Amino acid sequence: MKRGWINSPYTFALGMFAMMVPSQAFSSFYSYFYVDKLGLGIGLATLARSIFLIWDAVNNPLFGYWSDRTRTRYGRRRPWVFGAIPLFMLTFVLIFSPPDGLSQNGLFTWFLVALILFEAVATVLWVNYGALFPELFRGDRVRAKASAIQQGYQVVALLIGSALTPILFNAMGFSNMAVLYAAIFGAFMFLCMVSVQEKPEAGEGEPLKLLEAFRETLKNKKFWVFNISNSFAQTVNGLISSIIPFYAKYVLNIPDGQVSILLASVFVSVIPLVFVWYRIIRTMDGVKAWRLSLAVYGLSVIPLWFGYDLLSGVAAGIAVGFGLAGFLVTPAMVGGSIIDEDAERTGRRREGIYTAVSGFITRSSGLISALAFFVIGLIFGYESGENPGANPEAAFRVLISVVPLCLLVLAFAISFATKIEFKAGGGIPHGKKADHQL
């Protein structure tokens with residue numbers, strides 16, 4: 001590997017691309033696959049997500065704590081990622097490959113077990129990959145640029161995972177689609193990790209004991225406000241992605257073959273808009289940029305209410321793309337500064353546990369999304385594709401526009417619950433330069 005590619009944000013971003021292709025396909029289509037295609041009851045699907053969240057509450061922080069304590073000649077994070085690559089590939093395929101002829105209970109059991117295994121391995125990957133970002137890239141401006149590059153890669157992955165997925169599963173079936181995405185993940189994640197060289201000084205110092213590590217993390221008010229606010233905004237990301245197939249079918253009344261066009265309108269527009277946002281925020285304080293992105297994202301979901309055909313749906317999708325682009329770029333600046341401030345206070349860099357606890361909080365958005373789906377389904381009588389109720393159009397208008405708007409208003413309000421300020425310089429020690437390739 002050429003020296004110029006070591007710890008470059010361009011090669012590091014390959015990991016985001018690798019993980020987001022299958023993850024986006026999962027988040028966008030698992031409900032559609034199990035509920036609308038296979039006929040799993042919406043109540044059972046919500047129960048499976050709830051059971052998983054209890055398991056996730058235990059394993060997520062522990063994986064982060066163990067990652068921070070890992071000491072090998074290959075680094076703290078890389079061994080975990082290399083070990084998780086084949087397991088992630090296997091469990092992702094299992095999600096979309098249930099045996100034929102399962103009863104409701106059998107389908108629920110398969111989904112629950114596959115979900116627990118898949119998301120546990122995904123936790124290992126996200127915790128360790130996410131922990132590398134604030135370690136490798138220091139300072140607001142550097143992080144803003146690295147985040148913009150990373151999110152550019154992510155948006156390409158979102159486009160593939162969302163817009164290409166319906167074409168693939170219609171052509172080759174869900175199981176073969178999953179095999180293809182697993183192979184893409186394995187190849188790009190490997191390329192990412194061989195280009196990473198962890199900083200030895202990041203692992204210096206005796207790690208905090210388990211209870212002390214959790215106590216230091218949990219008493220950080222800035223951390224809690226930032227991540228609780230983000231969890232509501234993150235719910236919107238997942239909710240819109242998962243509802244678009246239903247929105248296309250019941251609101252816009254377009255065929256399955258045009259769902260990819262609708263999804264592309266969101267994610268293709270995000271690619272250039274990510275760099276528009278970088279231009280907007282590069283001279284701004286990271287916290288102000290983050291709050292601005294929440295406000296704009298909230299306004300951007302309103303046009304979805306007015307969609308009635310493919311053209312109006314595409315126009316609304318482009319508006320959402322602008323709001324989404326801002327939210328994709330800005331949180332990394334605030335999250336990195338929180339970790340830097342903690343390192344100054346404790347004398348130890350604890351990206352793993354912060355990333356893990358943050359991941360658990362934001363991943364709880366999946367439960368919020370599932371509960372929103374369940375409650376709105378009850379109100380409007382939607383149960384499944386076999387029994388959509390009397391007014392599925394109203395149900396999915398509310399789910400894709402009104403619910404996201406309410407969640408983003410809440411996220412914006414929570415962001416002011418405490419004063420979040422950081423020192424200028426974003427954590428680069430005085431007199432030192434950031435040494436990564438940009």
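**View 1. Surroundings of serine 365 in the predicted model.** Serine 365 touches Ser231, Gln234 and Thr235, not counting residues up to four places away in sequence, where contact means heavy atoms within 4.5 Å. The C-alpha atoms of serine 365 and threonine 235 are separated by 4.5 Å, although the two residues are 130 residues apart along the chain. Serine 365 belongs to helix 14 (residues 365-380); helices (H or I, at least four residues) and strands (E, at least two) are DSSP runs, numbered from the N terminus. Serine 365 counts as buried because its relative accessibility is 9%; buried means under 20% relative accessible area, exposed over 50%, and partly exposed in between (1.4 Å probe, protein chains only). This is a predicted model, in which local features need pLDDT of at least 70 and side-chain atom pairs count only at pLDDT 80 or more, while totals for chains, interfaces and linings use all residues. Residues are numbered from 1 along each chain as its sequence is written, and side-chain values use heavy atoms, with hydrogens and water left out.

**View 2. Proline 22 and its aromatic contacts Phe88, Phe92, Tyr181 and Phe185.** Proline 22 is found in helix 1 and, with a relative accessible area of 0%, is buried. The four contacts listed in the title leave aside neighbours of proline 22 within four places in sequence. Valine 93 lies 71 residues from proline 22 in sequence, with a C-alpha to C-alpha separation of 9.6 Å.

**View 3. Salt bridge between lysine 249 and aspartate 36.** A salt bridge is a side-chain nitrogen of Lys or Arg within 4 Å of a carboxyl oxygen of Asp or Glu. By this rule the count comes to two salt bridges. In the pair shown here, lysine 249 and aspartate 36, the closest N and O atoms are 3.3 Å apart. The pair links distant parts of the chain, with lysine 249 in helix 8 (residues 221-250) and aspartate 36 in helix 1 (residues 9-37), 213 residues apart. Lysine 249 is partly exposed, at a relative accessible area of 34%, whereas aspartate 36 is buried, at 12%.

**View 4. Salt bridge within helix 15, between glutamate 393 and arginine 397.** The N to O distance in this salt bridge is 3.1 Å. Both residues lie in helix 15 (residues 392-414), four residues apart, about one turn of the helix. Glutamate 393 is partly exposed, with a relative accessible area of 33%, while arginine 397 is buried, with a value of 13%.

**View 5. Patch of positive charge on the surface, formed by Arg141, Lys145, Arg279 and Arg282.** Patches are made of residues with over 30% relative accessible area and no salt bridge; like charges are joined within 9 Å, and nonpolar side chains (Val, Leu, Ile, Met, Phe, Trp, Tyr) within 5 Å. Lys and Arg count as positive and Asp and Glu as negative, with His and the chain ends not counted. The place of a charge is taken as NZ of Lys, CZ of Arg, CG of Asp or CD of Glu. Arginine 279 is found in helix 9 (residues 259-281) and counts as exposed, at 55% relative accessibility.

**View 6. Nonpolar patch on the surface, formed by Leu299, Ile302, Trp305, Phe306 and Val402.** Together these residues have about 480 Å² of accessible area, a quantity obtained by the Shrake-Rupley method with a 1.4 Å probe; for residues, only the protein chains shown count as cover. Leucine 299 is found in helix 10 (residues 286-300) and counts as exposed, at 60% relative accessibility.
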